[in-house]
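User: I'm a first-year student and I'd like a close look at one part of this model, the bit where strands pair up. Could you start there and then link that part to the rest, in plain words?

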Amino acid sequence: MKNINLKTNLKQKGLYLGLAALLIVPSSCSDSFLDVDPQGKQAGAVFWVNEADATKAVNAMYANLRSWNNTAFAAIAVESMGSDDAEKGSTPSDATFFNLYDTFTVGSTDGQLGGFWEGQYQNINYANQVITNIPAISMDENLKARYLAEAKFVRAYSYFRLVRAFGDVPLRLSLPKDATEYNLPRTPKADVYAAIEKDLSEAAAVLPQNYGAADLGRVTKGAAQSLHAKVSMYQGKWQQVFDLTTQVINSGQYSLFADYEALFRVANENSTESIFEIQNELIPSNKDASNSQYSQVQGVRGVTGGGWGFNVPTEALSKSFEAGDPRRDATIIFRGETTPSGDAIPATGDNPMYNQKSYVPFKLYVTGFNEGSQQNVRVIRYAEVLLMNAEAANEIGNSTQALASLELVRARARGASKTILPKVTTTDKAALRTAIWNERHSELAMEFDRYFDVIRQGRGTAIFGPKGWKSGKNEVWPIPQNEIDLSAGVLTQNPGY
């Protein structure tokens, strides 16, 4: 069984933790975030003994969220490339497998499918280790309950990513007791969704509304409620979406950050708008721990401090914004422009546009480290909660609330201007639904949601059809063939693949 050494991601503690059921971790945990000795290891047989072990395990679970398979090529392929907003980028000959996702010609043997699958089940395995082993530890009971709730959120988050990508997937909610439990068949997606909702309900009942500075980045009650609302939205449970988002809105914990472009810069991570972010950091004294490549793989190609130039915006996305919408220039770096941070983008190069939301100003680059390794990944923002609230309100017949929530998002984007992004006033249900969908498109562009958003809205053929998307097949990606082979046929393939 392979062990994978992973580093923590919360900005308070450091550790390594093996993926296998028998854990390999350091014998001590420094107070300096990620300042760990990879040579000092602790046998799994003597792990899960005390509160310090529990903390190491939970921190390692968070660490895996920023791994390559969770935030880099695999995530781009599965969660972004099928969208009308993004295309491969880089040079024509580099990583051509991305084009298979863009044209819906990918087969079950492509490695990014397996990478994405592995990344999510690694997260789930970490969460299951926490949920299985921490209850027996003698430690502060309130902290124990919180750690279990954090693990349930992480497990739910990964199962949500899996179920919307593949449909039915194996549902493992505990560690296997013996070899007979290693090989699970696919569970119907309705049952997977039910398990996700159960985890999130139980997590929200325990998690705090906020944390002190030492625990910044951990999962909160609002994060569990917001993800639960999103999961409910994908199932069309509109009253539940409305109730959950209303609870988040009424909590008073969140507000829209005034400057949309600045919201995505390193200096404004974990802002008032942040509901959940995957925490990344550049630690000058610990290169191995500064390993996020989320920004690097999408950065401006061909410049020092830029990146590899993958997952670039399309011309269709550029043209989709309403006239004068500042979010267009805040979402897209155009060739030849000077960014608000003062970086001059070359007028010539491989790609005409790059993802500005993953961009880190070039001056923050440190030689020898991954470009942009300090950039957090924004997973859930308050703006999306408002838009979910608007969509749910419209679906249950409350157009007044729908318009109010929608206007908050448009007003932030509009800023002081009185000539752009006029208020939406229609109360016609179909017209308002379209307006909300359009707002999601502009507000959340290049944040790895557009592809599945269009599918759950039932518009796959209309929007992705010209790229080769086919109803009855492309609602999901193929199950990785390697997983089917390893299961000796217990896992089955999705129709059409």
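Analyst: One term before we start: a residue is called buried when its relative accessible area is under 20%, exposed when that value is over 50%, and partly exposed in between. Keep in mind, too, that what you're looking at is a predicted model.

Let's zoom in on strand S6, which covers residues 377-381. S6 is mostly covered, with 5 of its 5 residues buried. Its partner is strand S2, and the two run antiparallel, joined over 4 bridges. S2 spans residues 274-278, and since 5 of the 5 residues there are buried as well, that strand is largely enclosed by the rest of the structure. You can find the pairing residue by residue: Ser274 stands opposite Arg381 in S6, while Phe276 has Ile380 of S6 as its bridge partner.

Now follow the chain back a little from S2. The loop between helix H10 (260-263) and S2 is where you'll find Asn270. Asn270 isn't a glycine, yet its phi is positive, about 55°. Trp48 does something like that elsewhere: it isn't a glycine either, and its phi is positive at about 60°. Look for Trp48 in the segment before helix H1 (51-64). With a relative accessible area of 15%, Trp48 counts as buried.

Back to Phe276, which links our strand pair to something bigger. Phe276 belongs to the largest nonpolar core, a group of 108 residues. Along with Ile134, Phe153, Tyr159, Phe166, Ile196 and Trp477, Phe276 touches the most other members of that core. Helix H6 (residues 141-166) supplies the largest share of the core, 15 residues. As background, nonpolar side chains in soluble globular proteins tend to be buried together.

Which residues does Tyr159 contact, leaving aside its neighbours within four places in sequence? They are Tyr121, Ile124, Val169, Pro170, Leu171, Arg172, Leu173, Val192 and Ile196. Ile196 is worth a second look, as it is on the list of residues that touch the most other core members too.

Next, the rings. There are 27 aromatic pairs in the structure. In one of them, Tyr260 and Phe264 meet edge-to-face, 5.4 Å from centre to centre with 75° between the planes. Tyr260 has a relative accessibility of 6%, so it counts as buried, and Phe264 is buried too, at 2%. Tyr359 and Phe362 make another pair: their centres are 6.0 Å apart and their planes sit at 85°, so this one is edge-to-face as well. Both of those residues are buried. For a bigger group of rings, find the aromatic cluster made of Trp68, Phe73, Phe97, Phe98, Trp308 and Phe310.

Rings can also have a charge sitting over them. The charged end of Lys473 is placed over the ring of Tyr497, 4.9 Å from the ring's centre. Arg456 has its charged end over the ring of Tyr234, 6.0 Å from the centre.

For contrast with our covered strands, try strand S1 (residues 86-89), where Glu87 is found. Glu87 has a relative accessible area of 35%, so it is partly exposed. Not counting residues up to four places away in sequence, Glu87 touches Met81, Asp102, Asn311, Val312, Pro313 and Thr314. Glu87 and Lys56 are 31 residues apart in sequence, and their C-alpha atoms are 39 Å apart in space.

Let's finish on a helix. H15 (residues 429-443) has 15 residues and reaches 21 Å from its first C-alpha to its last, close to the 21 Å expected at 1.5 Å a residue. Its buried residues include Leu432, Ala435, Ile436 and Trp437. Thr434 also sits in H15, but at 36% relative accessibility it counts as partly exposed. The C-alpha of Thr434 is 44 Å from that of Leu175, and the two residues are 259 places apart along the chain.

Methods:
Residues numbered from 1 in each chain as written. Predicted model: local features only at pLDDT ≥ 70, side-chain atom pairs only at ≥ 80, totals over all residues. Heavy atoms only, no water. Core = buried A, V, L, I, M, F, W, Y, C linked by side-chain atoms within 4.5 Å. Buried < 20%, exposed > 50% of the residue type's maximum accessible area, 1.4 Å probe, protein only. Contact = heavy atoms within 4.5 Å. Expected span 1.5 Å × (residues − 1). Phe/Tyr/Trp six-rings, centres within 6.5 Å; stacked < 30°, edge-to-face > 60°. Lys NZ or Arg CZ within 6 Å of the ring centre and 35° of its normal. Pairing = 2+ DSSP bridges.
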